[in-house]
Amino acid sequence: MARPLNILVVEDVPEDVELLLRHLKRAGFEPEETVAQDETSFLKALEKPLDIILSDFELPNFNGMEALELLQRSGLKIPFIIVSGEINLDLAVSLMREGAADYIQKRELSRVVPVINRCLREVEARRERQQAEDALHISEIRYRRLFETAQDGILLLDAETGTVFDANPFLTETLGYPKEYLVGKKLWELGVFKDIDASKQAFGELQAKGYVRYEDLPLQGHGGQSMAVEFVSNVYAVEHDKVIQCNIRDISARKQAELERTASAEALFD
């Protein structure tokens, strides 16, 4: 099945254009060509969707360097290939340093198809990388939004050392400590866990198992106020590092309600 290919050919010799097209058709492409011979027609052609630009170097009123500069000024990321007669090797190298994808001599047109295929693969690889980066960026924005607005406390720790590197607003407000106080300390150095040795032991368990959960953990906020929390921690990978996320939910109100229900039930039997 023929592969569609939108190409811009910067060339003033019709026979050379036709020769290029024959090479592409024999290779299984179905080229849709636009021909430009000067700056005006070149800029007009850039308004169309293009896969590849093939440019002679020297035309009567235009040249490949000018075309390359116009392309770069436009901001479009279209592979630009010089297809020309004999030109100085230093000039060819200079063109490639300036952004040309390759240089092909007209007597070596058999190279056109392999070079185009390589350029198309590179374009597709860049597109896939950009899509992945965009998806990651969107995911990070969504996570940050959830992190900042969550109605549970969240601590993020280095999984190797237990050092806090982030804490969400809900947690800092609940504990009464500013974020700057928490960040940089190890989990058991925060002063909020009443039993330091138990905290260290829990961290070791978390490193070994990758998950810990405590239904009723005593926590002490700034000023000495005590609260009961549900504490859930997971270890997960972020690129090449491991991160611990601790979710801390204040269950003091629930515990108080349970105590009151128990007291009421006991009063019935008194």
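**Surface, fold and salt bridges of the predicted model**

Val238 counts as partly exposed because its relative accessibility is 37%, a value that falls between the 20% bound for buried residues and the 50% bound for exposed ones. The structure described here is a predicted model. Val238 belongs to strand 11, which spans residues 226–238. Together with Tyr143 and Tyr236, Val238 forms a nonpolar patch on the surface. The accessible area of Tyr143, Tyr236 and Val238 together is about 230 Å².

The protein chain contains nine helices and twelve strands. Its radius of gyration is 33 Å, whereas the globule rule gives 18 Å for 270 residues; the protein chain is therefore more spread out than a compact globule. Along the principal axes, the C-alpha atoms occupy a box of roughly 110 × 40 × 35 Å. Of the 270 residues, 38% are buried. The exposed area of the protein chain is about 16,000 Å², and 52% of it comes from carbon and sulfur atoms. When contacts between residues at least 6 apart in sequence are considered, 53% join residues at least 24 apart.

Helix 3 runs from residue 64 to residue 74, and its buried residues are Gly64, Met65, Ala67, Leu68, Leu70 and Leu71. The cover over these buried residues includes helix 2 (39–45) and helix 4 (89–97). Strand 3 (52–55), strand 5 (62–63) and strand 6 (80–84) are also among the elements that cover them. In an α-helix there are 3.6 residues a turn, so residues three or four places apart point the same way. The N-terminal end of helix 3 is capped by Asn63, with a side-chain oxygen 3.0 Å from the backbone nitrogen of Met65. Beyond the other end, Gly75 follows just after helix 3 and takes a positive phi of about 85 degrees.

Salt bridges were then examined. Side chains of opposite charge can pair when their charged atoms come close. The model holds 16 salt bridges. In one of them, the side chains of Glu11 and Lys106 meet with an N to O distance of 2.9 Å. Glu11 is located in the loop between strand 1 (3–10) and helix 1 (14–26), and Lys106 in the loop between strand 7 (102–105) and helix 5 (112–149), so this pair ties together parts that are 95 residues apart in sequence. Glu11 counts as buried because its relative accessibility is 3%, while Lys106, at 24%, counts as partly exposed. Glu11 and Lys106 also belong to a network of salt bridges that links them with Asp16 and Asp56.

Helix 5 supplies residues to further salt bridges. Asp166 pairs with Arg144, and their closest N and O atoms are 2.9 Å apart. Asp166 is part of strand 9 (residues 164–167) and Arg144 is part of helix 5, so the salt bridge ties together parts that are 22 residues apart in sequence. The relative accessibility of Asp166 is 6%, and Asp166 therefore counts as buried. Arg144 counts as partly exposed, at 33% relative accessibility. Arg118 forms a salt bridge with Glu122, with 3.4 Å between the closest N and O atoms. Both Arg118 and Glu122 lie in helix 5, where they are four residues apart, about one turn of the helix. Arg118 is partly exposed, with a relative accessible area of 26%; Glu122 is likewise partly exposed, with a value of 37%.

Two further sites concern helices 6 and 8. Thr172 lies in helix 6, which comprises residues 169–175. Its relative accessibility of 15% is under the 20% limit, so Thr172 counts as buried. A polar atom of the Thr172 side chain lies 2.8 Å from the backbone oxygen of Pro169. With residues up to four places away in sequence left out, Thr172 touches Ala167, Tyr177, Pro178, Lys179 and Leu182. Gly204 is found in helix 8, which comprises residues 196–209. Gly204 is partly exposed, with a relative accessible area of 31%. Gly204 and Gly162 are 42 residues apart along the chain, and their C-alpha atoms are separated by 9.5 Å.

Conventions. Residues numbered from 1 in each chain as written. Predicted model: local features only at pLDDT ≥ 70, side-chain atom pairs only at ≥ 80, totals over all residues. Heavy atoms only, no water. Buried < 20%, exposed > 50% of the residue type's maximum accessible area, 1.4 Å probe, protein only. Helix = DSSP H or I, 4+ residues; strand = E, 2+ residues; numbered from the N terminus. Contact = heavy atoms within 4.5 Å. Polar contact = N/O pair within 3.5 Å; in protein donor to acceptor, adjacent residues only side chain to side chain. Patch = residues over 30% accessible without salt bridge, like charges linked within 9 Å, V, L, I, M, F, W, Y side chains within 5 Å. Areas by Shrake-Rupley, 256 points an atom, 1.4 Å probe, with all protein chains shown as cover. Salt bridge = Lys/Arg side-chain N within 4 Å of Asp/Glu carboxyl O. Rg over C-alpha atoms; globule rule 2.2 N^0.38 Å.
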